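Please examine the structure shown below together with its sequence. The explanation after it is meant to be read with both in view.

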Amino acid sequence: DGDVADGVVAMPPIKPFADPIITTTLSIEDAGWLSADQGWLVSGDQLYWTNDQGELWQDISPAPVQLAYFLPSGEAWALSIQDQNRLSLYRSSSWGATWEDLEITLPPDAWRPIQLQFTTPSTGWIVLKKVTSQAFNYGILMKTSDGGLTWKTYNVPIASPINFLSDEDGWMVNNSQDVVYHTSDGGHTWMAEQYEKYPLSILSLPENATLSGWQADGLGWAVTSTGSCSGNKSTTGFACQIVTSLEQSLDGGQTWQDVSLPIDNQPTQ
């Protein structure tokens, strides 16, 4: 009858679990604030700037951007990944109104930048993580003393953001262990220290924070990501929604408030 061949009964095909329908709000790859009103964020490879605490965001992207940093002087830098061996660093002295392209040649192997920061218009650094197995956390530090024109490369104990308290004094936190790393020579050499010696206090962050930073006078910011799913995993109605928020604190993390994010109908530059 077509259902039996050589004594073997044909079985209906096994129906696989349905793929969930995942919807996400605006993703945030990088963010920072100079004051309660002035800040920037990177979302979807676009760089946005606000002068009014997020009421209006301007798209000031010089190219597809992954990381950025601003100084109160109006100096700004934006990092664009061209390929695994080359980065373009864009520099501005006009709050991002115009940009200058500075190409950076990376050491051999594939690298992913995880931090871009400047302390003065001339002094800055990039921390890069080697693109390799998740079992490894190998990184390098690239530093500039001329605003990004030339760079020197140093090894670092782990691939993690660095907090430089001065040109020479820097700290790196290993989140997986109760240990911090300290440099007193600008990143040339590093020593492991007990976590208790870390000079920067860890202020209170909102729940589900994935990215955060602090300025003086209690100004802090955090990116949070939450998700929820509905339906049965084995049905086509299974769906998940991931919500990303940008929050700001003006009192050292005691209270937090949501900041509006860029939307399509806001004017862009």
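The paragraphs that follow treat strands, aromatic rings and a pocket in turn. The model is a predicted one.

We begin with a sheet. Four strands, in the order E4-E5-E6-E7, form an open sheet with antiparallel pairing. At its edges stand E4 and strand E7, which covers residues 58–59, and each of these two pairs on one side only.

Consider the edge strand E4 and its neighbour. E4 runs antiparallel to strand E5, residues 39–43, and four bridges join the two. One position to locate is Asp30, whose bridge partner in E5 is Val42. Five residues lie between E4 and E5, and the two strands form a hairpin.

The next step is to look at the faces of these strands. In a regular strand, the side chains alternate between the two faces of the sheet. Is each face of strand E4 covered or not? In E4, which spans residues 30–33, Asp30 and Gly32 on one side are buried, as are Ala31 and Trp33 on the other, and both faces are thus covered. A residue is called buried when its relative accessible area is under 20%. E5 is mostly covered, with five of its five residues buried. On one side of E5 are Gly39, Leu41 and Ser43, and on the other are Trp40 and Val42; both faces are covered.

We now move across the sheet from E5. E5 pairs with E6 in the antiparallel sense over five bridges, and Gly39 stands opposite Thr50 in E6. The hairpin of E5 and E6 has two residues between the strands, and in this hairpin Gly44 takes a positive phi near 60°. Strand E6, residues 46–50, then pairs with E7 over two bridges, again in the antiparallel sense. Here Trp49 has Gln58 as its bridge partner in E7.

Further along the chain, strand E21 (residues 220–230) and strand E22 (residues 239–249) pair in the antiparallel sense over 11 bridges. Within this pairing, Gly220 has Ser249 in E22 as its bridge partner. E22 also pairs with strand E23, residues 257–259, in the antiparallel sense, over three bridges. In this second pairing, Gln248 stands opposite Gln257 in E23.

Aromatic rings form the next topic. A pair of aromatic rings is described by the distance of the centres and the angle of the planes. How many aromatic pairs does the structure hold? There are 11 aromatic pairs in the structure. One of them is formed by Trp111 and Tyr138; this pair is tilted, with 5.9 Å from centre to centre and 40° between the planes. Trp111 belongs to strand E12 (residues 111–118), whereas Tyr138 lies in the loop between strand E13 (124–130) and E14, so the pair ties together parts that are 27 residues apart in sequence. Trp111 is buried, with a relative accessible area of 6%. Tyr138 counts as partly exposed because its relative accessibility is 37%.

Another aromatic pair, that of Trp171 and Tyr198, is edge-to-face, at 6.1 Å from centre to centre and 75° between the planes. This pair links distant parts of the chain, with Trp171 in strand E17 (residues 170–174) and Tyr198 in the loop between strand E19 (191–194) and strand E20 (209–214), 27 residues apart. Both Trp171 and Tyr198 are buried.

Aromatic residues also gather in a group: Trp40, Trp49, Tyr69, Phe70 and Trp95 form one aromatic cluster. Two members of this cluster have already appeared in the sheet: Trp40 is a buried residue of E5, and Trp49 is the bridge partner of Gln58.

Finally, we turn to the second largest pocket. About 200 Å³ of space lies in this pocket. Which strands each supply at least two residues of its lining? They are strand E14 (139–144) and strand E15 (152–156). The residues that line the pocket include Lys143, Thr144, Lys152, Tyr154, Glu168 and Asp185. Taken by class, the lining has two nonpolar, six polar and four charged residues. Lys143, one of the lining residues, also meets an aromatic ring: its charged end sits over the ring of Phe164, 4.6 Å from the centre of that ring.

Technical notes. Residues numbered from 1 in each chain as written. Predicted model: local features only at pLDDT ≥ 70, side-chain atom pairs only at ≥ 80, totals over all residues. Heavy atoms only, no water. 1 Å grid on protein atoms, 1.4 Å probe; cavity = no way out; pocket = protein on both sides within 12 Å on 5 of 7 lines; lining within 4 Å. Points joined across faces, edges and corners; volume = space filled by probe spheres on them. Nonpolar A, V, L, I, M, F, W, Y, C, P; charged D, E, K, R; others polar. Buried < 20%, exposed > 50% of the residue type's maximum accessible area, 1.4 Å probe, protein only. Pairing = 2+ DSSP bridges. Phe/Tyr/Trp six-rings, centres within 6.5 Å; stacked < 30°, edge-to-face > 60°. Lys NZ or Arg CZ within 6 Å of the ring centre and 35° of its normal.
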